[in-house]
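Here is a model to look at, with some questions about the terms used to describe it. Each answer sets a value against its criterion.

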Amino acid sequence: MSSDLHLHAELPPDQDQRGDLHTEHQILNMGPSHPATHGTVKFVIELDGEQVVDLDVQVGYLHRGFEKECESGSWYQCIPYTDRLNYNSAILCNVGFCLAVEKLLQIETPERCQWLRVLASELSRLGDHLTRTGAACLELQAMTPFLYGIEARELTWDLQEMLCGARVTSNYIRIGGVKHDIAPSYYGSAREKLAKIRELLKDFDDVVTQNRIFVDRMKGTGVISKEDCIKYAVTGPILRSVGVPLDVRKDEPYLVYDQIDFDVPVGEVGDNYDRYLVCVEEMQQSLRIIDQCLAKLEQLGPGPVNCDDPRVRWPAKGRVFNAMEELIQQFKSVTEGPRVPKGEGYFAIESANGELGFYLVSDGSAQPVKVRCRPPSFINLAPLPLMVRGAMLADLIPTFDFINMIGGECDR
Amino acid sequence: MEDFGSVALRRLIEVHGAALQATHANFGDATALVDPARIADVMRFLRDDAECQFDMLTDLTAVDYLGEQPRFEVVYHLYSVPRNKRLRVKARVSEKTPEIATLCPLWPSANWMEREVWDLYGIRFAGHPDLRRILLYKQFEGHPLRKDYPKEKRQPLIGPQN
């Protein structure tokens, strides 16, 4: 054990009833790359037999200087980097960043663009929750539901591919708009695939939700109280699992979420099983939102998807090749990008893991002074020792899975 | 000092007017610039006051304004769950003594975020229980998000010691 660790917590007295059965404490290094965790993180665990006495979580293995890179390019050049934050739901990160920049630019995007962004966000959230629940089953040695989950995730990725041509790192959202509109054939194939996703979710539910082994591993493990959640600034499904209906989409509606009909599911106990149920219900709600988006987009019909603001507008390609002014504007947009007014702004959206915020500082130039991402994975991971102290080592696995720490976002 | 219609800013002006250095509400975000020596008092007040109730420290970061005096700005984002309100509190710290009081006793969420700011900006948090690097490794030299740390600089990656 290295000397810079501080592992000294005592076992709570009610767990301490086995007298002589206690062993000499041992230190176990788990990770950074462990088959039972999805995410690159190292745990230094102090164990008494199989019981966790204390835990030190060491993150940073995927640190690649996101903020430093953003500060040395243009505002546009940040967008592909945000894809690589939470790579399970890349579009949500795009949306968060672009909305924050739009807040500083004080521009509003066209209605069709906002619905497209909601559609893309919910597809992303669906994919993220499918990965989380599927991978959690896999790490509890249940292979079949994992395959159902991943098959459904493939379908959400197909839909994302039809939106923007990329499956994982989408780079779909632009400052002041989206990359392009959807094709007329999108609605039909989307409804087909959504029906298939619903079937797979049903299969998933049949195999997992009432499964005795799964329920035993999930119920009563990783419990956290409401007070601790709020003190640790935990958001997302974990906070909702303790019964706090906090959702940025409802509390501070952005885009067109105030026009959409959906519910915020909450749990009661705040254990892993509640988190699982919250995620499952959120997937159903996402499907509900996607249905409404498709209907609305069909009803709106073709229209502009980009903002008509000279600072962020890209000229029509045909004009770029034939007119001097558009050529110059294209050149300026590519080489320099928008100049964002001087000031600072924070904008938060509800990502799959919780509140994803961007705090931006601009000095009025085309280069950001500061791009801070408020990473829900990082902040939700901090109370992990609190959740597993005194529990069995095996309980660490589902608890960590449902925190859904994504290395790209946690370590930035 | 103006409160821009924000209850929290009004309460701060009333009770901690002496500790306030500036306020603004640009782009709709209520913001208070606070004397760094008073940060713990002001934050405790914002958490416990019945009209503010900022029970969540959502975000904590810093900005390096190289060339300005004082050089660094520590930025706190507060959120009130019962009132659904946000507030940004900032405090300037100098390059010579980059130190400010820790908020760990008020909100445990400050623990990791303060470690991150120490790691990347080199701002010390007085009274922090465990101020280690968090994203970078122990042997790393310097604080890379400082504006005078060159982006191209490379450092050898040291393997684990144990």
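Q: Why are H4(A) and H16(A) called roughly antiparallel to each other?
A: In this predicted model, H4(A) and H16(A) pack at an angle of about 165°. Angles over 145 degrees count as roughly antiparallel. The pair is therefore roughly antiparallel.

Q: What makes H4(A) and H16(A) a packed pair, and which residues meet?
A: Their axes are 9 Å apart. From helix H4 (111–139) of chain A, A:Arg132, A:Ala135, A:Ala136 and A:Glu139 take part. They meet A:Ile397, A:Pro398, A:Asp401 and A:Phe402 in H16(A), a helix that covers residues 396–403. Contact here requires C-beta atoms within 7 Å. The crossing is right-handed.

Q: How do you know that the span of H5(A) agrees with its number of residues?
A: Helix H5 (residues 143–164) of chain A has 22 residues. At 1.5 Å a residue they should span 32 Å. The end C-alpha atoms are 31 Å apart, so the two values agree.

Q: Which residues of H5(A) are called buried, and what do they pack against?
A: The criterion is 20 or more other C-beta atoms within 10 Å. Among the residues of H5(A) that meet it are A:Phe146, A:Tyr148, A:Ala152, A:Leu155, A:Leu159 and A:Leu163. A:Arg153 and A:Gln160 are also buried. The buried residues pack against H4(A) and helix H6 (186–208) of chain A.

Q: What follows H5(A), and what is the sign of its phi?
A: A:Gly165 follows H5(A). Its phi is positive, near 85°.

Q: Why are E1 and E3 of chain B said to stand at the edges of the sheet?
A: The order of the open sheet is E1-E2-E5-E4-E3 in chain B, with mixed pairing. Strand E1 (20–24) and strand E3 (56–64) each have a single partner strand, so one side of each is left without a neighbour in the sheet. On average, neighbouring strands are turned by 20° against each other, direction ignored.

Q: How do you know that E1(B) and E2(B) pair?
A: Pairing needs at least two bridges. Four bridges join E1(B) to E2(B), and the two run antiparallel. One bridge links B:Ala22 with B:Leu33.

Q: Which helices lie across strands of chain B, and at what angles?
A: Helix H1 (residues 7–16) lies across E1, E2 and E5, at about 160° to E1(B). Helix H2 (residues 39–48) lies across E2, E4 and E5, at about 175° to E5(B).

Key:
Residues are numbered from 1 along each chain as its sequence is written. Chains are lettered from A and ligands numbered from 1 in the order in which they are written. This is a predicted model: local features need pLDDT of at least 70, side-chain atom pairs count only at pLDDT 80 or more; totals for chains, interfaces and linings use all residues. Axes are lines fitted to C-alpha atoms, for helices over the stretch in contact, and angles run from 0 to 180 degrees between N-to-C directions. Two residues are in contact if their C-beta atoms, placed from the backbone, lie within 7 Å. The expected span of a helix is 1.5 Å times one less than its number of residues. A residue is buried if 20 or more other C-beta atoms lie within 10 Å of its own, exposed if 12 or fewer, and partly exposed in between; C-beta atoms are placed from the backbone. Angles under 35 degrees count as roughly parallel, over 145 as roughly antiparallel, 65 to 115 as roughly perpendicular and the rest as oblique. A crossing is left-handed if the near helix is turned anticlockwise from the far one by less than a right angle, and right-handed if clockwise.
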